[in-house]
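I opened this entry to keep track of what I looked up, one topic at a time. My notes follow the order in which I checked things.

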Amino acid sequence: MKMNIFKQFIKSLYSPKDISMFRFQGIGKTILYVFFLTLISVIPTIYFLSTSIMNSVEEITNSIENEFPDFYIEDGELHSEENKPLTIPGNDMVIQFDSTGTLTSEDIRSDQNTVALLKDEFVFVAGGQVQTYDYSMLTGMTFSKQEITEYLAAADSFLIIVLLIMAIIIYLFSAGLRFIEVSILALIGLLIKNMMNRKLQYRQTWRMSAYSITLSTIFFTIMASLQTVVPNGALISWLVGIVVLLLAIREVPQPKNNNV
């Protein structure tokens with residue numbers, strides 16, 4: 001069956017019969033389809049993450065320039081005349097400044113989307129993950145508020161490159177997971193074809209599985225675009241994939257009896 005990738009995409013959303021026919025096509029076209037489906041699925045993630053990073057860099061730059069007191073980092077410590085911690089709420093994150101040593105990374109570990117310049121370390125919290133960087137790594141170097149502001153302003157010039165690299169990494173990682181998902185689903189397909197008495201080989205169930213995940217992939221892509229969390233999303237995704245594959249295998253004709 002000759003059909004371009006976009007028509008296959010549409011057919012895979014509603015037609016198990018067409019999915020069953022895709023078992024005859026070349027493996028290269030099926031692999032290309034998996035990459036295509038992965039590209040669609042990562043668009044919301046890449047968009048929201050890139051937007052968040054760009055907004056965060058802008059917020060941090062503005063906060064340091066306009067709301068932080070004069071400071072400098074020298075001999076592994078943050079110095080300023082401020083005698084108490086500062087907390088600056090932003091749209092996407094909270095920015096904290098403390099040269100007194102009152103706060104530590106443990107104090108903000110449970111916070112969400114936080115950037116903190118503390119007495120002896122820089123802390124970044126995002127998505128529940130905490131990254132800390134000791135100023136001691138800057139041994140022999142001194143940074144002032146003005147210099148850091150200039151560095152952040154200059155970062156805009158190569159931020160696009162960083163985001164592009166990040167997007168490629170996310171895409172390749174997601175594609176790897178997608179191929180694993182298809183391969184496992186194809187193994188489940190072998191069990192289904194035995195129960196339904198259909199003559200199929202693994203390479204054919206693999207091709208069918210690649211198209212059977214289309215419906216669930218698009219559903220969760222839409223939910224991600226709406227920034228809506230689906231309870232038990234992984235379980236639902238597997239169940240939908242299995243059901244669609246089962247319906248596609250049912251469309252495969254049963255082998256004829258050759259009883260004499």
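I began with Arg178 and Glu181, and found that Arg178 is buried and that Glu181 is buried too. I was working with a predicted model, and I kept that in mind throughout. The two residues form a salt bridge, in which the closest N and O atoms are 3.3 Å apart. I then placed them on the chain: both lie in helix α4 (residues 145-195), three residues apart, which is about one turn of the helix.

Next I asked how many salt bridges a search of the whole structure finds. The search finds two, and I turned to the one between the side chains of Glu77 and Lys119, with an N to O distance of 3.9 Å. Glu77 belongs to strand β2 (residues 77-80) and Lys119 to the loop between β5 (114-117) and β6 (121-126), so this pair ties together parts that are 42 residues apart in sequence. I looked up the accessibility of each partner as well: Glu77 is partly exposed at 34% relative accessibility, and Lys119 is partly exposed at 22%.

I went on to the packing of helices, where helix α1 (residues 5-12) meets helix α3 (residues 27-66) at an angle of about 70 degrees, with the axes 11 Å apart. An angle from 65 to 115 degrees counts as roughly perpendicular, and therefore I noted α1 as roughly perpendicular to α3. On the α1 side the contact is made by Ile5, Phe6, Gln8, Phe9 and Ser12, and on the α3 side by Lys29, Leu32, Tyr33, Phe36, Leu37 and Ile40. Sorting the residues of this contact, I wrote down eight nonpolar, two polar and one charged.

One of the α1 residues held my attention, namely Gln8, which is buried with a relative accessible area of 0%. Setting aside residues up to four places away in sequence, Gln8 touches Met3, Phe22, Gln25, Lys29, Tyr33 and Tyr211.

I then looked at the nonpolar cores. The largest has 28 residues, and those with the most contacts inside it are Phe9, Tyr33, Met208 and Ile249. Two or more residues come to this core from each of α1, α3, α4, α5 (202-212) and α7 (233-250). A second core, separate from it, has 16 residues, including Ile60, Phe71, Leu86 and Tyr135.

I followed Ile249 further and, leaving out neighbours within four places in sequence, found it in contact with Gly189, Ile192, Lys193, Met196, Arg198, Leu200 and Met208. That led me to Arg198, in the loop between α4 and α5. Is Arg198 buried or exposed? Arg198 has a relative accessible area of 12%, and because buried means under 20%, I recorded it as buried. Beyond residues up to four places away in sequence, Arg198 touches Lys193, Ile249, Arg250, Val252, Pro253, Gln254 and Pro255. I also compared Arg198 with Leu103, and the two are 95 residues apart in sequence and 65 Å apart in space, C-alpha to C-alpha.

My last check was on backbone angles. Asp75, although not a glycine, has a positive phi of about 55 degrees; it sits in the loop between β1 (71-74) and β2 and is exposed, with a relative accessible area of 71%. Asn232, also a residue other than glycine, has a positive phi near 55 degrees. I found Asn232 in the loop between α6 (214-225) and α7, where it counts as exposed at 59% relative accessibility.

Conventions. Residues are numbered from 1 along each chain as its sequence is written. This is a predicted model: local features need pLDDT of at least 70, side-chain atom pairs count only at pLDDT 80 or more; totals for chains, interfaces and linings use all residues. Side-chain values use heavy atoms; hydrogens and water are left out. Axes are lines fitted to C-alpha atoms, for helices over the stretch in contact, and angles run from 0 to 180 degrees between N-to-C directions. Helices (H or I, at least four residues) and strands (E, at least two) are DSSP runs, numbered from the N terminus. Angles under 35 degrees count as roughly parallel, over 145 as roughly antiparallel, 65 to 115 as roughly perpendicular and the rest as oblique. Contact means heavy atoms within 4.5 Å. Ala, Val, Leu, Ile, Met, Phe, Trp, Tyr, Cys and Pro count as nonpolar, Asp, Glu, Lys and Arg as charged, and the others, Gly among them, as polar. A salt bridge is a side-chain nitrogen of Lys or Arg within 4 Å of a carboxyl oxygen of Asp or Glu. Buried means under 20% relative accessible area, exposed over 50%, partly exposed in between (1.4 Å probe, protein chains only). A nonpolar core is a set of buried Ala, Val, Leu, Ile, Met, Phe, Trp, Tyr and Cys residues joined through side-chain atoms within 4.5 Å.
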